[in-house]
Amino acid sequence: MSDSNSALQRLVHNLEQGALAGVLRICLFVGALILVGWVYLSFGFRGLETAEGIDQAQVAREIARGNGFTTQYIRPLAVAQLKSMGKTVQVEKFPETYHAPLNPYLESLVLLSFKEAWNPADESEQLYAPADQRIAAVAVGLFLLSLLVNYFTIKRMFDQRLAVIGVGLIAVCVLFWEFTSSGLPQMLMLLLFSLIFNAFSRALESRETGGRYGLWLAAIGALFGLLALAHGLTVWVFVGALVYIMIAFKPRGAAALIPLAAFAIVYTPWIVRNYHVTGTPFGVAWYAEFGGMGNSVTGWMRQSSTDLGNWSFNTFRGKLQSGLVGQLGRIYALLGGSVAAVMFFVSLVHRFRKPEIASFRWAVLLMWVFAAIGMSIAGLPAEGNISENQLHVLFIPLMIPFGMAFSLNLWSRLEIDYKWARAAFITFIFVLSGVQLVMGLIPSGARMVWPPYAPRIIKAVGNWIAPNEIIASDMPWAVSWYADRKSLLLPMTLEDFNRLNDFNDLGAPIRGLFLTPVTGNLSLSDIKEGEYKAWSPLILRDTGNLKMFPLKFRLDLPPGNRCVFYADTPRWVTSAQR
């Protein structure tokens, strides 16, 4: 009896203070995060929210179907690239050359398990496609895994207490949760970047103890290769890491060859594939770097020629300068409103005792600076923090422990010997960092991302078009995903449209035109004088003078007649009769 009492006492002690206490806390924390994720996906989720995220989802479905890395979203510029290579354009298996492959391939594994969720819901179910929620759930899972990796890394570099606080601050940052519903690869990138953080910590630790760090440097290079396969823009971050490795590791300069070789082994096959398909190492994505210089990114994709046109170095310099200034002006928002992450920049003046910590903060700074340059060239939207080129989100888990360690050090110098005051200080930082998340979990009532996406309407339009026909649209990514039909991005001119259609340049006829708030919500001056001016009669539904346009039948569509569908015949009548 005494033995059983003693065993019970040891168990209670372990639960309260021993090894089991840490495990129990971790389990409770993970359980709480899973609960938050479930609440977010159940009540706050409205469907995938970004054009690029939706586009990657439809590419993933093509992979799941066994069609390889192909797309149903047809960019006129991609057509021009293929024709310049002397290749026959066939939309049945049109090669995808805009997006990096890693995230679509990961999503395809999810879609293979839920084939019944590929299409939008029926009238009796939710408004978005069930597959939207599956993809978002995977992003939440990747986020939780990155939290686990960051916990052990921060604990290794700093201590357990800071690891708990740091991971908690990462978890309450609303920006991560917003990215989980975007469809973008940022959560996959976050996990890979967290692993790079861990590999860097081990390499620096080996350097300080006189051990070998070559394998860790190779791991850093290989992980950066995977990161570039998730988003090519992260090559800029890798350049910053190489500069740091050249300085921090011996033999100086030569040490950088190890991660560079590992990166090349992982990433080179993708460059070779793109060159074989398009004649350029980066496919059609290369032209996205010229967004804001003569045309928007979408404007470049609508071109029917691979000519770069009239752009100059001064235009490029102006874009770079305005991009850097814009990022600095919005840095608090771009870092998710995390006070501790912003404090990282102040912590650069602090002298950390551990050499590896003191050294690695300069790695973080170098990678961030090169990332900022890359984002300025690729372009970030002037408003909103969710974008395919938003790389600041990757640095938040790296910056928080440095900023928080510095803040706690400043607090200790105040010599306020009250535990409740210290707890109140930490709680205040959590409240500042997490208030936006609490507001985001409050249901808004909207169950779809409108405008511009109305999945049921898009699905209905798709039902009027045969699978071997094409729908032109101002948002072909959504038509491809929700209607499961091949969709052509509006060419720059009506002449380009007629040539593609009349000469069967796509290998399939264009039988419909679907216009949405993407163009309809533009100002009148932008419609008549902007990039879509050639399409202004169709956008404004004033087609009296378009004698040669082949799609003469029109149907205004809900919600609020803000969508319109043009077709070669009144297909909606035929569909209703069937």
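These questions and answers walk through a predicted model of one protein.

Biologist: What mean pLDDT does the protein have?
Modeller: The model is predicted, and confidence is given residue by residue. A score of at least 70 is reached by 89% of the residues. The protein's average pLDDT is 87.

Biologist: Which element has the lowest mean pLDDT?
Modeller: Strand β5 (residues 486-489) marks the upper end, with a mean of 97. At the other end the mean is 53. That element is helix α1 (residues 2-16).

Biologist: How many helices and strands does the protein have?
Modeller: The chain has 578 residues, and 51% of them count as buried. Its secondary structure comes to 27 helices and eight strands.

Biologist: What share of the contacts between residues at least 6 apart joins residues at least 24 apart?
Modeller: Contacts between residues at least 6 apart in sequence form the full set here. Those joining residues at least 24 apart make up 72%.

Biologist: Which helix gives the largest share of the largest nonpolar core?
Modeller: This core has 99 residues. F193, F224, F249, F360 and F395 touch the most other members. The largest share is 13 residues, and it comes from helix α9 (residues 186-209).

Biologist: Which residues does F360 contact, leaving aside neighbours within four places in sequence?
Modeller: F360 is among the core residues that touch the most other members. With its sequence neighbours set aside, its partners are M157, F197, F200, L204, Y244, L398 and F402.

Biologist: How many residues does the second, separate core include?
Modeller: V91, Y532, V564 and W572 are among its members. The core is separate, and its count is 74 residues.

Biologist: How many residues of α9 are buried?
Modeller: α9 has 24 residues. From first C-alpha to last it reaches 34 Å, close to the 34 Å expected at 1.5 Å a residue. G210 follows the helix with a positive phi, near 80 degrees. α9 is mostly covered, and its buried residues number 18.

Biologist: Which are the edge strands of the six-stranded sheet?
Modeller: The sheet is open, with mixed pairing. Its order is β2-β5-β4-β6-β8-β7. An edge strand pairs on one side only, and these are β2 (73-74) and β7 (553-557).

Biologist: Is the pairing of β6 with β8 parallel or antiparallel?
Modeller: In the sheet order, β6 stands between β4 and β8. With strand β4 (residues 470-473), β6 pairs in the parallel sense over four bridges. I470 has I510 as its bridge partner there. On the β8 side, L513 stands opposite Y566, and the four bridges are antiparallel.

Biologist: Why is strand β6 largely enclosed by the rest of the structure?
Modeller: β6 covers residues 510-515. The strand is largely enclosed because most of its residues are buried: five of the six.

Biologist: Which residue in β8 is the bridge partner of L557?
Modeller: β7 pairs with strand β8 (residues 563-567). The pairing is antiparallel, over five bridges. The partner of L557 is C563.

Biologist: Why does T306 count as partly exposed?
Modeller: T306 lies in the loop between α13 (297-301) and α14 (313-329). Partly exposed covers the range between under 20% and over 50%. T306 falls in that range because its relative accessibility is 29%.

Biologist: What distance separates the C-alpha atoms of T306 and A78?
Modeller: T306 touches L77, A80, Q81 and Y287, not counting residues up to four places away. A78 is 228 residues from T306 along the chain. Their C-alpha atoms are separated by 8.7 Å.

Methods. Residues numbered from 1 in each chain as written. Predicted model: local features only at pLDDT ≥ 70, side-chain atom pairs only at ≥ 80, totals over all residues. Heavy atoms only, no water. Core = buried A, V, L, I, M, F, W, Y, C linked by side-chain atoms within 4.5 Å. Buried < 20%, exposed > 50% of the residue type's maximum accessible area, 1.4 Å probe, protein only. Helix = DSSP H or I, 4+ residues; strand = E, 2+ residues; numbered from the N terminus. Contact = heavy atoms within 4.5 Å. pLDDT = per-residue confidence, 0-100. Expected span 1.5 Å × (residues − 1). Pairing = 2+ DSSP bridges.
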